[in-house]
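Please work through the following exercises with the sequence and the structure at hand. Each task is followed by a solution in steps.

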Amino acid sequence: MKNDIITLGYGSGAALTRQLIREVFVSKFRLPTLDDAACIDNHLTVTTDAYVVNPLFFPGGDIGKLSITGTVNDLSMNGSVPAYLVASFILEEGFSINLLKRIVDSMQKTAEEAGVQIIAGDTKVVEKGKCDGVYITTTGIGFLPEGIDLNVKNIKAGDRIVVNGSLGDHAVAIINARQKLGLDPAPISDCAPLREVIEILLNTTKLRFARDATRGGVATILNEIYEDTGLGVILDETSLPIKDSTTVLCGLLGLDPLYLANEGKLVAVVSEANDDMLIQLKAHRYGQDSAIIGEVTKDVNGVYLRTALGSLRPLLMLASDPLPRIC
Amino acid sequence: MNLKYYRAPDLIKRVLKEIHEYRQPVTFMEVCGSHTMAIGHWGLRKLLPENIRLISGPGCPVCVTPASVIDELIKLKDITIATFGDLIRVPGSDQTLEHARALGADIRTVYSPLEALELSQKRETVFVGIGFETTIPGIAYTILEAGRQNQDNFSVLPLFKLIPPALNALLIDDEVEIDGFILPGHVSAVIGTQAYDFIPQKFGIGGVVTGFEPLDIVLGIKKMIEQINKPQIINEYSRIVTTEGNMAAKATISEVFSIGNAVWRGLGEIPDSGLDIRTEYSQFDALRKYDIQITNIEGNTACRCSSVLKGKIMPFDCPLFAEICTPNNPVGPCMVSSEGSCAAYYKYEK
Ligand code: SF4
């Protein structure tokens with residue numbers, strides 16, 4: 001590995017992260033899969049995730065809300081029903097107890113909405129300067145109902161790709177808040193628990209596979225699908241749900257919404273995208289802008305976007321986080 | 001701006017159809033890296049007829065920054081270095097800023113120079129001033145602001161580049177063959193279209209200033225073709241660009257900077273193509289403060305960035321392209337930057 005040290009790029013969720021997991025963790029731990037959540041005895045699902053967002057509070061959420069939704073979403077994506085969470089806190093010396101209370105309130109409220117219970121935890125305090133105020137790790141436990149098998153290997157050519165709403169909202173909200181860009185109205189993070197969205201998909205169509213589109217965005221997940229199955233994907237640019245404000249900001253900064261992080265959006269691969277599915281998704285508060293954005297196909301090798309002008313543009317796996325341009 | 005209008009497939013296809021009626025072989029250079037990216041992003045190159053060749057120029061600020069800059073920055077220990085994102089992955093002689101950061105250097109990526117000024121309240125900070133006319137006014141303003149705040153922890157490493165002298169340098173190079181320029185929209189918003197008048201006058205070829213939406217670009221190409229026999233500078237981007245440019249921005253630039261020579265990676269030293277910080281503001285000049293010398297070392301010698309930047313070869317023609325040099329493992333800056341030609345060709349046209 002390059003220069004043998006960890007750089008920030010290894011945490012991007014993109015190709016470097018996958019390389020690190022493969023070469024360091026999978027090889028030693030003999031992990032059976034690269035999935036976010038593991039299923040034990042076909043019934044119990046376990047996952048864990050650490051949250052290091054900056055700023056801690058942003059329009060649409062905060063680190064507490066994120067630490068619940070992120071983990072319950074990882075549980076939900078293989079069809080499990082999230083049930084319990086364990087939360088561990090790393091606090092920086094000097095951090096305000098009032099702010100911590102606000103974060104914990106937000107965690108509890110979100111846990112109630114997601115139908116999970118926080119049952120245990122841990123607290124450590126580190127010296128000032130050793131962390132960014134607060135880091136939270138949550139470990140989730142869920143139960144997989146019988147007969148559900150959402151595995152990437154189930155995906156077939158002809159399957160359709162569905163997302164449950166506009167793309168890039170979380171990243172744009174964070175960039176605006178962190179860089180004090182002062183966009184008005186301020187973009188709002190989409191941070192939300194997605195178990196009910198999965199349920200709609202399970203009830204209305206044959207759901208083959210789902211993944212929440214966090215760091216790396218939709219394009220990274222589709223590239224992972226291509227790597228794991230050898231099946232290509234063609235997205236249709238005209239059907240992508242992207243807010244105008246996101247398009248404008250991305251245009252200015254030279255970013256592509258398809259690679260930006262979401263915290264309340266999933267990519268689902270379904271055998272058949274029927275009207276019933278779309279109607280029910282759109283009726284749900286976390287699915288209003290749901291759309292069928294493309295198709296799995298043997299016609300191409302890799303992931304492509306059919307532009308509004310009809311040309312095919314490749315959507316490659318990025319090495320690391322997308323960087324904004326200068327000019 | 002009405003984005004839908006500038007992206008309307010019907011309109012764009014209509015203009016493309018008109019372009020297809022033109023039969024002469026011509027080569028146009030898009031000077032600006034953002035244009036290269038937009039052309040790739042919308043798949044426009046594939047929609048143009050074969051006789052119209054688009055080549056990419058030197059308009060990527062990261063790509064034209066000499067490798068020695070990275071080495072010099074890594075040497076600045078115990079100081080906060082604030083830079084725009086792309087630069088942190090550019091290879092220096094043996095390290096990138098990203099690696100130096102992982103080994104303990106305090107290197108921050110910022111979105112604006114004012115953010116760097118804010119950092120200097122806590123710690124001695126150098127802002128890496130790279131960019132063309134687009135970014136320069138904001139940095140000039142930041143230096144003025146640092147003066148008002150009497151901030152002695154702040155300095156700027158002036159590595160600015162000016163586009164018109166670079167175009168002049170390209171055009172006097174006999175090996176470069178260009179029938180016209182697609183001129184940068186944002187840069188022109190600052191300097192105005194008149195800054196390019198020397199191109200038709202001195203070299204007998206024309207140029208079109210254009211925006212970054214697909215309709216802008218195809219209209220730019222169409223106008224380019226229309227004026228090929230009567231070369232002139234046309235403003236296709238009049239919603240943003242004027243003849244004189246932004247007078248206030250230009251005044252701020254000349255208040256803080258004076259014209260000087262600059263070293264362009266790949267192109268060498270070009271007279272009058274850079275900016276020096278005026279002596280009145282020399283306390284904010286990192287070159288003086290830390291006695292930094294910028295030399296024209298090229299980094300990896302196999303990298304053909306210099307020929308790519310002059311439009312002499314296409315990125316594919318570099319033997320390292322996509323084999324050894326990829327965005328995961330960039331050998332030259334053209335593969336790193338989000339505006340770099342090699343990165344654009346790898347991403348969109350491989
Ligand atoms: S492909 Fe890589 S090595 Fe070749 S010119 Fe481009 S950046 Fe340099």
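The exercises below treat cores, the ligand site, single residues and backbone geometry.

The model is predicted, so local features need pLDDT of at least 70 and side-chain atom pairs count only at pLDDT 80 or more, while totals for chains, interfaces and linings use all residues. Residues are numbered from 1 along each chain as its sequence is written, chains are lettered from A and ligands numbered from 1 in the order in which they are written, and side-chain values use heavy atoms, with hydrogens and water left out.

**Exercise 1. Nonpolar cores**

Task: Determine which residues have the most contacts inside the largest nonpolar core, and which helix gives the most to this core.

Solution.
- Step 1. A nonpolar core is a set of buried Ala, Val, Leu, Ile, Met, Phe, Trp, Tyr and Cys residues joined through side-chain atoms within 4.5 Å. Buried means under 20% relative accessible area, exposed over 50%, and partly exposed in between (1.4 Å probe, protein chains only).
- Step 2. The largest such core has 93 residues, and those with the most contacts inside it are B:L73, B:L87, B:F127, B:L167, B:F181, B:Y196 and B:F257.
- Step 3. Six of its residues come from helix α8 (residues 136-148) of chain B, which gives the most to this core. Helices (H or I, at least four residues) and strands (E, at least two) are DSSP runs, numbered from the N terminus.
- Step 4. Another core, of 28 residues, lies apart from the largest one and includes A:V163, A:L240, A:V269 and A:V296.
- Step 5. For B:F181, contacts (heavy atoms within 4.5 Å) are listed without residues up to four places away in sequence; they are B:M29, B:V31, B:L167, B:L171, B:I199, B:I205, B:G206, B:G207, B:V208 and B:M224.
- Step 6. In soluble globular proteins, nonpolar side chains tend to be buried together.

**Exercise 2. The ligand shell**

Task: State which residues are around the ligand, and examine B:M335 among them.

Solution.
- Step 1. A residue is near a molecule if one of its heavy atoms lies within 4 Å of it. The residues around the ligand are B:C303, B:R304, B:C305, B:C318, B:L320, B:F321, B:C325, B:V331, B:G332, B:C334, B:M335 and B:C342.
- Step 2. This shell divides into ten nonpolar residues, one polar and one charged. Here Ala, Val, Leu, Ile, Met, Phe, Trp, Tyr, Cys and Pro count as nonpolar, Asp, Glu, Lys and Arg as charged, and the others, Gly among them, as polar.
- Step 3. B:M335 belongs to the loop between α15 (305-309) and α16 (341-348) of chain B. B:M335 counts as buried because its relative accessible area is 2%.
- Step 4. Beyond four places in sequence, B:M335 touches B:F321, B:A322, B:C325, B:T326, B:P327, B:P330, B:C342, B:A343 and B:Y346.
- Step 5. B:M335 and B:C63 are 272 residues apart in sequence, yet their C-alpha atoms are 8.5 Å apart in space.

**Exercise 3. Three residues of chain A**

Task: Is each of A:L100, A:A120 and A:K180 buried, partly exposed or exposed?

Solution.
- Step 1. A:L100, in helix α3 (residues 97-114) of chain A, is buried because its relative accessible area is 19%. Leaving aside neighbours within four places in sequence, A:L100 contacts A:F89, A:L91 and A:F95.
- Step 2. A:A120, in strand β6 (residues 117-126) of chain A, is partly exposed, with 40% relative accessibility. Outside four places in sequence, A:A120 touches A:L85, A:V86 and A:A87.
- Step 3. A:K180, in the loop between α4 and α5 of chain A, is exposed at 63% relative accessible area. With residues up to four places away not counted, A:K180 touches A:I175 and B:E118.

**Exercise 4. Backbone geometry**

Task: Where do A:P55, A:P185, A:D41 and B:D272 lie, and what are the phi values of A:D41 and B:D272?

Solution.
- Step 1. Most residues other than glycine have a negative phi, and most peptide bonds are trans.
- Step 2. The A:N54 to A:P55 peptide bond is cis, with omega near 5 degrees; A:P55 lies in the loop between β2 (44-51) and β3 (57-58) of chain A.
- Step 3. The A:D184 to A:P185 peptide bond is cis, with omega near -5 degrees; A:P185 is in the loop between α4 (169-178) and α5 (195-204) of chain A.
- Step 4. A:D41 has a positive phi of about 55 degrees. A:D41 is placed in the loop between β1 (37-40) and β2 of chain A and is exposed, at 70% relative accessibility.
- Step 5. B:D272 has a positive phi near 55 degrees. B:D272 lies in strand β11 (residues 268-277) of chain B and is partly exposed, with a relative accessible area of 45%.
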